[in-house]
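Subject: Structure handover

Hello,

Here is the structure you asked for, with the sequence. My notes on cavities, pockets and helix packing follow below it.

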Amino acid sequence: MGNSALTTGRPGASAATHLVWDWNGTLLDDVTAVIAATNAAFAEIGLGLEPITLERYRELYCIPIPLFYERLMGRLPTAAEWELMDGAFHRHYIEQRTGCGLTSGVELLLDQWRLAGHSQSLLSMYEHDQLVPVVRGYGIESHFVRVEGRKGPSGGSKALHMERHLRALADTAPPERTVVIGDAVDDAVAAAHVGARAVLYTGGSHSRASLEAVGVPVVDTLQEAVDEAIRLVA
């Protein structure tokens, strides 16, 4: 696969609405693995931080990740600390992720959306060469016209990543007919950056209060997210 994005289906086909799905915390129900990996990484680095709970994680989480760590530590991590923390987190996350499943109802939602003649893609800040085989392993890659992960350093924003993603799907996903579904404030920021809409899901990294502060629809299930997406482009 290399560094090329995974493209399937009919990339040039038009569709009434295009969904850009987030992966971690949205299609993949992995928030417990994220918390466990975060705590394991902090313990390994020896920063003396108390284990973080899911509630506190959702209260403090933000992008870029170094700012999230600043909220936890009371200061920005040094470059050396960031490198160690990032490496430790991803190593522990890979171990924890094996016990994670797709969010309830995902397979049916993806199948129904595709069969209805719409298009959808997957865009993640998870490293591309790790993302593609993981998505393939869950048996859902055929639902997407494009599966794309991060190809540069970790810790950045999703906005430019989204811009490149939609540029590659210009014939399939005009921004005015595109809705981003994710679990993070950064998903809404990325959508606004390209002129698309966004719906945010409460099952992942943020508290409902922090998501609602963005001013886009906030939902508790992915079925509700799809329903909102249809309404937004009606």
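Pro 64 sits in the loop between helix H2 (54-60) and H3. The peptide bond that leads into Pro 64 from Ile 63 is cis, with omega near 0°. Please keep in mind that this is a predicted model.

Ile 63 also turns up in the cavity search. Over the whole structure, one cavity of 30 Å³ or more was found. The largest cavity holds about 600 Å³ of space. Its lining counts 32 residues, and the closest to the centre are Asn 24, Tyr 61, Ile 63, Ile 65 and Met 125. Helix H1 (31-45), helix H3 (65-73), helix H4 (79-97), strand S5 (119-127) and H8 are the elements that each give two or more residues to this lining. H4 gives the most, with five residues. Sorted by class, the lining of the largest cavity has 14 nonpolar, 10 polar and eight charged residues.

H3 and H4, both named in that lining, also pack against each other. Their axes come within 12 Å and cross at roughly 100°. That angle makes H3 roughly perpendicular to H4. On the H3 side the contact is made by Ile 65, Pro 66, Tyr 69 and Met 73, and on the H4 side by Glu 81, Trp 82, Met 85 and Phe 89. Seven residues of this contact are nonpolar, none is polar and one is charged. Ile 65 of H3 thus appears twice in these notes: in the contact with H4 and among the residues closest to the centre of the largest cavity.

Next, the pockets. The second largest pocket has a volume of about 160 Å³. Its lining is made up of Met 125, Glu 148, Gly 149, Arg 150, Lys 151, Gly 152, Pro 153, Gly 156, Ser 157, Leu 160, His 161 and Arg 164. Strand S6 (146-150) and H7 are the elements that give two or more residues to the lining of this pocket. By class, the pocket lining has three nonpolar, five polar and four charged residues. Met 125 lines this pocket and is also one of the residues closest to the centre of the largest cavity.

H7 brings us to another helix pair. Helix H7 (residues 159-168) packs on helix H8 (residues 185-194) at an angle of about 50°, and their axes are 8 Å apart. H7 and H8 are therefore oblique to each other. The crossing of H7 past H8 is right-handed. H7 contributes Ala 159, Leu 160, Met 162, Glu 163 and Leu 166 to the contact, while H8 contributes Ala 190, His 193 and Val 194. Six of the residues in the contact of H7 with H8 are nonpolar, one is polar and one is charged. Leu 160 is in this contact and also lines the second largest pocket.

The last pair is H5 and H10. The axes of helix H5 (residues 106-115) and helix H10 (residues 222-232) come within 10 Å and cross at roughly 25°. H5 and H10 are therefore roughly parallel to each other. Val 106, Leu 109 and Trp 113 of H5 meet Leu 222, Gln 223, Val 226 and Ile 230 of H10. This contact has six nonpolar residues, one polar and no charged.

Regards

Note on methods
Residues are numbered from 1 along each chain as its sequence is written. This is a predicted model: local features need pLDDT of at least 70, side-chain atom pairs count only at pLDDT 80 or more; totals for chains, interfaces and linings use all residues. Side-chain values use heavy atoms; hydrogens and water are left out. Axes are lines fitted to C-alpha atoms, for helices over the stretch in contact, and angles run from 0 to 180 degrees between N-to-C directions. Helices (H or I, at least four residues) and strands (E, at least two) are DSSP runs, numbered from the N terminus. Angles under 35 degrees count as roughly parallel, over 145 as roughly antiparallel, 65 to 115 as roughly perpendicular and the rest as oblique. A crossing is left-handed if the near helix is turned anticlockwise from the far one by less than a right angle, and right-handed if clockwise. Contact means heavy atoms within 4.5 Å. Ala, Val, Leu, Ile, Met, Phe, Trp, Tyr, Cys and Pro count as nonpolar, Asp, Glu, Lys and Arg as charged, and the others, Gly among them, as polar. On a 1 Å grid over the protein atoms alone, a cavity is a set of points where a 1.4 Å probe fits but cannot get out, and a pocket is an open set with protein on both sides within 12 Å along at least five of seven lines; lining residues have an atom within 4 Å of a point. Grid points are joined across faces, edges and corners, and a volume is the space filled by probe spheres set on the points.
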